[in-house]
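These are my notebook entries on a structure that is new to me, written down in the order in which I looked things up.

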Amino acid sequence: MNRSVLVDDTLRSAVGLEPGGVDREATGAAGLLASRFAVLELAAVAVGAVEDAADRLRIALGYEPLHTALDLERIAAAYQSDRLLRIDGAAVDAFAPLSGFFAAADGWVRTHANYPHHRRRLSAMLGIGDEATRAELASAIASRSALDLESEAAGVGALLVAVRSAAEWSSTPQAAVGDGPLVRRHGGSVGSTIASRVRPTRRQPLRGLRVLDLTRVIAGPVSTRTLALLGADVLRVDPPQVPEIPWQHTDSGQGKRTATLDASTPRGLATLQTLSDEADILVTGYRPHALERLGLRGRDGLVTGSVDAWGTTGPWGDRRGFDSLVQAATGIALVEAEDGAPGALPAQALDHSAGYLLAAAIVDDVAAVVGGGDAGRSSVSLARVGAALQRLPRSEERPPSGLPGARCLVTHGAVTTARPGLSAFDDHASPAAVLGSAEPQWTPRS
């Protein structure tokens with residue numbers, strides 16, 4: 001049995017995107033991204049937004065559009081890539097033992113402790129050892145109020161939120177992030193040299209452009225991986241003090257070069273500033289204003305995109321966040337509840353959707369510059385994507401689920417990963433490189 005989704009202006013408007021793309025029919029097997037929520041529709045819209053933007057850029061550059069059809073099974077594989085990833089034949093554990101749902105005295109909380117520094121903060125806040133077990137964490141949480149724990153965690157930089165219903169979330173000031181456009185535009189700057197630097201082909205309209213990738217986890221890396229797929233030279237830069245989880249980069253680092261750089265030192269900051277000055281596109285995934293606090297200066301003519309968890313204003317505007325926490329805080333986890341405990345979407349769908357939507361906005365900004373306009377600044381918030389998902393029609397019961405098939409996978413050496421969600425590309429230009437394996441410098445333009 002097959003499933004079909006029509007991505008048209010009606011569906012785009014339903015999730016908060018501006019109309020203007022072409023109608024694209026997407027087909028695939030039933031049971032993909034099965035959820036009470038319309039996750040598959042959201043995913044098709046997000047990937048379709050990239051296809052639409054890339055075709056608009058092709059037209060601006062004088063090429064015929066591709067008008068590529070959407071492949072739901074390939075899209076679902078890209079969204080569930082962490083579940084499909086195999087390294088030496090073994091699956092990975094997407095969440096560490098101290099990450100997940102825990103019962104509090106008056107409800108539930110969700111924690112995120114995948115990164116060692118987040119685990120240490122959470123353990124210290126609760127007065128348990130850094131090597132504490134899941135049972136010990138559960139015991140420390142059980143007698144405390146969920147909202148008290150959430151407030152204390154925010155104060156010490158730990159990652160824990162109270163599990164709320166959608167109604168409870170809507171009564172918080174931060175819920176305003178769900179209003180307004182799905183992708184926020186913040187005006188532009190003049191003087192971009194993109195039009196003279198791009199060396200496009202029809203398949204790769206971003207060829208010749210440099211992307212400085214200052215992102216981590218999922219949403220930002222998905223965005224920059226998509227830009228690399230469209231031909232951009234992407235250089236990802238990570239701080240050595242808080243390294244990325246290796247398997248996570250293996251899952252989303254295809255087509256990029258990767259370097260480490262300590263921007264907390266004068267020399268490191270100067271190098272990062274040079275990389276930014278010589279880039280055409282800057283994509284960031286750190287908390288709002290983190291780079292400004294570090295001392296990195298922007299410049300005119302730089303196309304920029306950013307992704308955040310909770311928005312950039314309001315009482316949560318500077319808080320850390322992840323997809324799983326946004327699902328828990330905004331009401332999604334309770335709708336997906338099973339057997340009396342909160343549940344989760346079948347993929348980190350807010351992350352992946354935000355990544356594709358941000359990539360689409362950046363490609364549209366490049367097209368605007370090519371057409372004589374100004375460089376743009378775009379941002380996407382996970383909480384805003386979550387609000388869009390909750391506004392779509394949903395099912396009372398979760399439909400039967402299934403994972404994408406082997407045709408959606410590709411193997412390079414010891415690593416098996418998902419093929420690109422954009423069906424015109426059978427594979428990425430290269431597998432993910434070893435983290436930090438490149439020098440923090442640009443290669444000559446092609």
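I began with strand 15 and strand 16 (residues 415–418), which run antiparallel and are joined by four bridges. Within this pair I looked up one position and found that Thr411 stands opposite Thr416 in strand 16. I note here that the model is a predicted one, and I read every entry below with that in mind.

I then asked which order the strands take in the sheet that holds this pair. The order is 4-16-15, in an open sheet of three strands with antiparallel pairing. Strand 4 and strand 15 (409–412) are at the edges with a single partner strand each, so one side of each has no neighbour in the sheet.

From strand 4 I followed the chain onward, since Asp88 lies in the loop between strand 4 (86–87) and strand 5 (100–104). Asp88 has a positive phi, near 55°, although this residue is other than glycine. Is Asp88 buried or exposed? Asp88 is exposed, because its relative accessible area is 65% and the cut-off for that word is over 50%.

Next I turned to another open sheet, in which three strands follow the order 1-2-3 with mixed pairing. Its edges are strand 1 (2–7) and strand 3 (70–71), each of which has a single partner strand, so one side of each is left without a neighbour in the sheet. Strand 1 pairs with strand 2 in the antiparallel sense, over six bridges, and I looked up Val5, whose bridge partner in strand 2 is Ala26.

Strand 2 led me to Leu33, which I found in the loop between strand 2 (24–29) and helix 2 (39–60). Leu33 is not a glycine, yet its phi is positive, at about 50°. Leu33 is buried, because its relative accessible area is 3% and buried means under 20%.

I went on to the helices and asked how many residues of helix 14 are buried. Helix 14 (residues 323–330) is mostly covered, with eight of its eight residues buried; Asp323, Gln327 and Thr330 are among them. Gly331 follows helix 14, and the phi of Gly331 is positive, near 110°.

Helix 17 (residues 382–391) is also recorded as mostly covered, with nine of its 10 residues buried. The buried residues of helix 17 include Leu382, Arg384, Val385, Leu389 and Gln390.

I closed with entries on the protein as a whole, which has 17 helices and 16 strands. Buried residues make up 55% of its 446 residues. The radius of gyration is 21 Å, which agrees with the value near 22 Å that a compact globule of 446 residues would have. Along the principal axes, the C-alpha atoms fill a box of roughly 65 × 60 × 45 Å.

For the contacts, I counted those with a separation of 6 or more, and 73% of these are between residues 24 or more positions apart. The protein exposes about 17300 Å², of which carbon and sulfur atoms supply 52%. My final look was at the charges: there are 44 positive and 50 negative side chains, and 4 Å lies between the centres of the two sets.

Note on methods. Residues are numbered from 1 along each chain as its sequence is written. This is a predicted model: local features need pLDDT of at least 70, side-chain atom pairs count only at pLDDT 80 or more; totals for chains, interfaces and linings use all residues. Side-chain values use heavy atoms; hydrogens and water are left out. Helices (H or I, at least four residues) and strands (E, at least two) are DSSP runs, numbered from the N terminus. Buried means under 20% relative accessible area, exposed over 50%, partly exposed in between (1.4 Å probe, protein chains only). The radius of gyration is taken over C-alpha atoms; the globule rule is 2.2 Å times the number of residues to the power 0.38. Contact means heavy atoms within 4.5 Å. Accessible areas come from the Shrake-Rupley method with a 1.4 Å probe; for residues, only the protein chains shown count as cover. Lys and Arg count as positive and Asp and Glu as negative; His and the chain ends are not counted. The place of a charge is taken as NZ of Lys, CZ of Arg, CG of Asp or CD of Glu. Two strands pair if DSSP finds at least two bridges between them.
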